[in-house]
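Subject: Structure handover

Hello,

Here is the structure you were waiting for. Please open it alongside this message.

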Amino acid sequence: MSIDHDLDPAQLRRLLGLVEHDTGADPFPVTGWDAVVWVVGNAAQTALFHRLVLGMDLVAYSGPETGNPDHHAYVLRAGEVRFVVTGGVAPTSPLHDRHRRHGDGVADIALEVPDVDRCIAHARAAGATVLVEPHDVADAHGTVRTAAIAAYGDTRHTLVDRSRYAGPYLPGYVAQDAPALGRPVFQALDHVVGNVELGRMDEWVAFYTRVMGFTNMAEFVGADIATEYSALMSKVVASGDRRVKFPLNEPAQGRRRSQIDEYLDFHGGPGVQHLALATDDILATVDGLRASGIEFLPTPASYYEDPALRARIGEVRVPVDELAARGILVDRDEDGYLLQIFTAPIGDRPTVFFEFIERHGSLGFGKGNFKALFEAIEREQARRGNF
Ligand SMILES: [Fe+2]
């Protein structure tokens, strides 16, 4: 069984709100996401969760049976998205150490670049920490050129040029011909959000603009995302064509502990807070996930009844009652609108979670929803006794 996971460019443009960009003058051209690499406490079962619940396909594997006694690594695809779920097998595996510190989470946001050496030369000159120097890895399927730089916390960005490689993922991985176990509920990765410490957000915004040539897309400060008790600051940096978008959050002073503080405490420092997965039918996505037992942050009924909000929502593709029945949020700006919903944390620690997003022209991130959303998050935080 071979599935073509690639989407056509028009479909991607619509799903992700891409813009035109000339990579010629770009000092650090990024052509897309390569993979999101997770470290979890039980990769075998987490991979099964991704197949059963998120409808991802298992396409490649590395582990003791393939000559890797240290850990399991399951490569999963849905549409344009590639997740690699890893977990220690050998008691001495360094993955156990990472998991002890951070719990289940994202270790590596790997990016697809056409020229690894040029990116690393620019990154080094701009002050980035190079964790892995550019080098080739090869097998019978060809050669991959790769390197890695450090990002916030223990997160890294591996840079990958797989233009000369035809294998299922990377050398050392064996293709899997596994049956589909669920229905796909997303087609692309829209953005990956990082939580950083108080006072460090601007530093990381500067890192992405200086090192990767990303541009500042949007800015939320103070009252934009403040509730009565808790607040955060958020800025968004994006690659030239906006294929890769990184919102960065830091806690702001509130009367109570903010959700970003809770994340930093339980994750043990900065890291990936949420991944936004793009879907072209968020109603079907939410119905499918709810049927699988996934919990979403509840949206207060008042959200849909408030006349000012109702007026701001305007015309969307489905009746507002359909959105209200599922707790789907709506936001609108001068370019169009978006529909979005957030899951509860997906692991044991109150850290990483998913967002599902259906864009209709809007290039935003749901600024108008932040207050309603955070009030819902705070109710959950209070139930855990951390508010
Ligand atoms: Fe988001």
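Below is what I found in it, going from the domains to a helix and then to a run of strands. Keep in mind that this is a predicted model.

Domains

The chain is divided into domain 1, residues 31-175, and domain 2, residues 188-383. Their C-alpha centres lie 25 Å apart. The contact between them takes 21 residues from domain 1 and 26 from domain 2. On the domain 1 side, three elements give two or more residues each: β1 (32-39), α3 (94-102) and β5 (105-112). β5 gives the most, with four residues. By type, that side of domain 1 has 11 nonpolar residues, seven polar and three charged.

The UniProt record, an unreviewed entry, places the feature "domain: VOC" at residues 32-162 and 188-344. Residues 32-162 are 22% helix and 48% strand. The end C-alpha atoms of that span lie 12 Å apart.

Helix α3

α3 is worth a look on screen. Its buried residues are Leu95, His99 and His102. Seen down the axis of α3, they fall within an arc of 85 degrees, so they line one face of the helix. An α-helix has 3.6 residues a turn, so residues three or four places apart point the same way. The face of α3 turned away from the buried side carries exposed residues: Pro94, Asp97 and Arg100.

What covers the buried residues of α3? The cover includes β1, β3 (71-78), β4 (81-88) and β5. It also includes α6 (259-267) and β14 (271-278). After α3 comes Gly103, with a positive phi near 70 degrees.

Strands β6 to β8

β6 covers residues 130-139 and β7 covers residues 142-150. They pair in the antiparallel sense over seven bridges. Together they form a hairpin with two residues between the strands. To find the register, start at Val132, which stands opposite Ala148 in β7.

β7 also pairs with β8 (156-161). These two run antiparallel and are joined by six bridges. Here Thr146 has Val160 in β8 as its bridge partner. The hairpin of β7 and β8 has five residues between its strands. In that hairpin, Gly153 takes a positive phi near 60 degrees.

For a quick tour, start with the buried face of α3 at Leu95, His99 and His102. Then go to the pair Val132 and Ala148, and finish at Gly153 in the hairpin of β7 and β8.

Best wishes

Terms used
Residues are numbered from 1 along each chain as its sequence is written. This is a predicted model: local features need pLDDT of at least 70, side-chain atom pairs count only at pLDDT 80 or more; totals for chains, interfaces and linings use all residues. UniProt positions are given in the numbering used here, feature names are shortened, and annotations may be inferred rather than shown by experiment. Two strands pair if DSSP finds at least two bridges between them. Domain bounds come from an automatic or database domain assignment. Two residues are in contact if their C-beta atoms, placed from the backbone, lie within 7 Å. Ala, Val, Leu, Ile, Met, Phe, Trp, Tyr, Cys and Pro count as nonpolar, Asp, Glu, Lys and Arg as charged, and the others, Gly among them, as polar. A residue is buried if 20 or more other C-beta atoms lie within 10 Å of its own, exposed if 12 or fewer, and partly exposed in between; C-beta atoms are placed from the backbone. The arc is that of the directions from the helix axis to the C-beta atoms.
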